[in-house]
Amino acid sequence: MRVGLYPGTFDPMTNGHLDIIGRAVKLVDKLVIGVAINRDKGPLFSLEERVEMIVRETAPLRAIAEIDVAPYEDVLTIHFARTVGATVIVRGLRAVADFEYEFQMTAMNQQLDRDIETVFLMADPRHQAVASRLVKEIARLGGDINGFVPPGVAERLLAKVREA
């Protein structure tokens, strides 16, 4: 069984994330979506909320491959990949800046474990400018986020912004 890991903070999950997941499930038998607990980033959504949104939004893709959503913290992504049995780490690329960072991370991961490959999927051109932090800012300032996140995520994000 080919297992892939798609790690990220997903705060919140965007249409770009969903696009990468939709293409990644075609490459593996099982995709683990690793939800990173990164307190330094100060997530807007709790871990439980992020996991729940991912589970809900990926439900239609479970017909293509098995999908697990698993949080992780205080461990290197490469070590988490080993823990879940992944032989592939899936990463999405939007721009040259992403490539430079990901290139460096891949080189380091290869030094730590040569048996785990990193596969890059280019973002669909419609999603290349979409970043979770920008979507949150647009929502906070009253802009239309409907083209950037799934409807269920948009609803929850707008509710969070109203609470703040």
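Let's start with an arginine on the outside: R126 is exposed, with a relative accessible area of 65%. Keep in mind that this is a predicted model. R126 has a salt-bridge partner in D124, and their closest N and O atoms sit 2.9 Å apart. D124, for its part, counts as buried at 19% relative accessibility, because the cut-off for buried is under 20%.

That pair belongs to a bigger tally, since a search of the whole structure turns up twelve salt bridges. Side chains of opposite charge can pair when their charged atoms come close. Take E66 and K30, whose closest N and O atoms are 4.0 Å apart. E66 is in strand 3 and K30 in strand 2, so this salt bridge ties together parts that are 36 residues apart in sequence. E66 is partly exposed at 37% relative accessible area, while K30 is buried at 17%.

Now follow those two strands. Strand 2 (residues 30–36) and strand 3 (residues 66–72) run parallel and are paired over seven bridges. To find the register, look at V32, which stands opposite D68, and at A36, which faces Y72. On its other pairing, strand 2 is joined by six bridges to strand 1 (residues 3–8), again in parallel. Here L5 is the residue opposite V32. Getting from strand 1 to strand 2, the chain passes through helix 1 in a right-handed β-α-β crossover.

How covered is strand 2? Seven of its seven residues are buried. In a regular strand the side chains alternate between the two faces of the sheet. Here K30, V32, G34 and A36 point one way, with L31, I33 and V35 pointing the other.

Next comes helix 2 (residues 47–58), which forms a right-handed β-α-β unit with strands 2 and 3. Does its length add up? At 1.5 Å a residue, its twelve residues should span 16 Å, and the end C-alpha atoms are 17 Å apart, which agrees. The buried residues of helix 2 include L47, V51, I54 and T58. What do the buried residues of helix 2 pack against? Their neighbours are helix 1 (15–24), strand 2, strand 3 and helix 6 (151–163).

Helix 6 also meets helix 2 through charge: K160 forms a salt bridge with E49, with closest N and O atoms 3.1 Å apart. K160 lies in helix 6 and E49 in helix 2, so the pair links parts that are 111 residues apart in sequence. K160 is buried, with a relative accessible area of 17%, and E49 is among the buried residues of helix 2 too. Finally, E52, R56, E57 and R156 are joined in a network of salt bridges.

Note on methods
Residues numbered from 1 in each chain as written. Predicted model: local features only at pLDDT ≥ 70, side-chain atom pairs only at ≥ 80, totals over all residues. Heavy atoms only, no water. Pairing = 2+ DSSP bridges. Helix = DSSP H or I, 4+ residues; strand = E, 2+ residues; numbered from the N terminus. Right-handed = clockwise from strand over helix to strand, strands pointing away. Expected span 1.5 Å × (residues − 1). Buried < 20%, exposed > 50% of the residue type's maximum accessible area, 1.4 Å probe, protein only. Contact = heavy atoms within 4.5 Å. Salt bridge = Lys/Arg side-chain N within 4 Å of Asp/Glu carboxyl O.
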